[in-house]
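Me: I am in my first year and would like a close look at a single part of this structure, namely the paired charges on its side chains. Please take me through them slowly and show me what surrounds them.

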Amino acid sequence: MTTSTQIEPVTFDSLDEAREYLNKCVGGVRSATLEMARALNTIQKSRVWRKEFGTWSEFLEDMGMSRSWANKLVRSLEVVEELPITEVSQAVPLLSLDSDQRKQVWNMATEEHGASPSSRQIADAVKSISGDGPVIEEGDPDEESDVSDRHDAGPQVSGVPSVE
């Protein structure tokens, strides 16, 4: 049985009002992605999925999620806990680096792009220190669908502390 949801049209009296609404929506997506990563990590470690599924991949397929992306989410939590990132997608380009390299890249990216660099800007910083860092292609099915990677994520905070 398929149910459809009526989507109410959204109207705005000003561009500022539209931006405020959109920023609230984007913030909710970012927060939900981090919560999803934490939930996946807990589910994977507790192995509760084994009650109904033979493999982690079967569980993820049932959830409509690729194994590659789910594993990136889980692995990204280490980076989220280590650096003052604001969204999980920022952690993805840093996954292949050790802790010191992550801090170096984060400092480079925030010095050049402000408090919340996009995952592409972080990937570019990775490339600059390694010469062959990860490149995140647009439309990569394993890349998080995150609005902030497609535009400037809003006002940048000045005076971003570097990570030591």
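Reply: In this predicted model, the count of salt bridges comes to three. As general background, side chains of opposite charge can pair when their charged atoms come close.

One of these pairs lies within a single helix: the side chains of E35 and R38 meet in a salt bridge, with 3.0 Å from N to O. Both residues belong to helix α1, and they sit three residues apart, which is about one turn of the helix. E35 has a relative accessible area of 45%, so it counts as partly exposed, and R38, with a relative accessible area of 38%, is also described as partly exposed.

The salt bridges of R102 take us to another part of the chain. The side chain of R102 meets that of E78 in a salt bridge of 3.0 Å, again taken from N to O, and this pair links distant parts of the chain, since R102 is in helix α4 while E78 is in helix α3, 24 residues apart. R102 counts as buried, because its relative accessible area is 5% and the cut-off for buried is under 20%. E78, by contrast, has a relative accessibility of 48% and therefore counts as partly exposed.

R102 also forms a salt bridge with the side chain of E82, where the distance from N to O is 3.6 Å. Here too the pair links distant parts of the chain, with R102 in helix α4 and E82 in helix α3, 20 residues apart. E82 has a relative accessible area of 22%, so this residue is partly exposed. Taken together, E78, E82 and R102 are linked in a network of salt bridges.

It helps to step back to the two helices that carry this network. In general, two packed helices are described by the angle between their axes and the distance between the axes. For helix α3, which covers residues 67–82, and helix α4, which covers residues 99–113, the axes come within 11 Å and cross at roughly 65 degrees. The crossing in which α3 passes α4 is right-handed. On the α3 side the contact is made by E78, V79 and E82, and on the α4 side by S99, R102 and K103. Sorted by class, the contact of α3 with α4 has four charged residues, one polar residue and one nonpolar residue.

Helix α3 has other residues worth following, and N71 is placed in this helix. Its side chain makes a polar contact of 3.2 Å with the side chain of W56. Leaving aside the neighbours within four places in sequence, N71 is in contact with Q44 and W56.

From there we can return to helix α1, which covers residues 15–46 and is the place of N41. Apart from neighbours within four places in sequence, N41 is in contact with V74 and L77. N41 counts as buried because its relative accessibility is 17%.

A last stop is S57, whose place is in helix α2, residues 56–62. With a relative accessible area of 28%, S57 is partly exposed. The C-alpha atoms of S57 and S68 are separated by 9.5 Å, although these two residues are 11 residues apart along the chain.

Definitions and conventions
Residues numbered from 1 in each chain as written. Predicted model: local features only at pLDDT ≥ 70, side-chain atom pairs only at ≥ 80, totals over all residues. Heavy atoms only, no water. Axes fitted to C-alpha atoms, helices over the stretch in contact; angles between N-to-C directions. Helix = DSSP H or I, 4+ residues; strand = E, 2+ residues; numbered from the N terminus. Left-handed = near helix turned anticlockwise from the far one by under 90°. Contact = heavy atoms within 4.5 Å. Nonpolar A, V, L, I, M, F, W, Y, C, P; charged D, E, K, R; others polar. Buried < 20%, exposed > 50% of the residue type's maximum accessible area, 1.4 Å probe, protein only. Polar contact = N/O pair within 3.5 Å; in protein donor to acceptor, adjacent residues only side chain to side chain. Salt bridge = Lys/Arg side-chain N within 4 Å of Asp/Glu carboxyl O.
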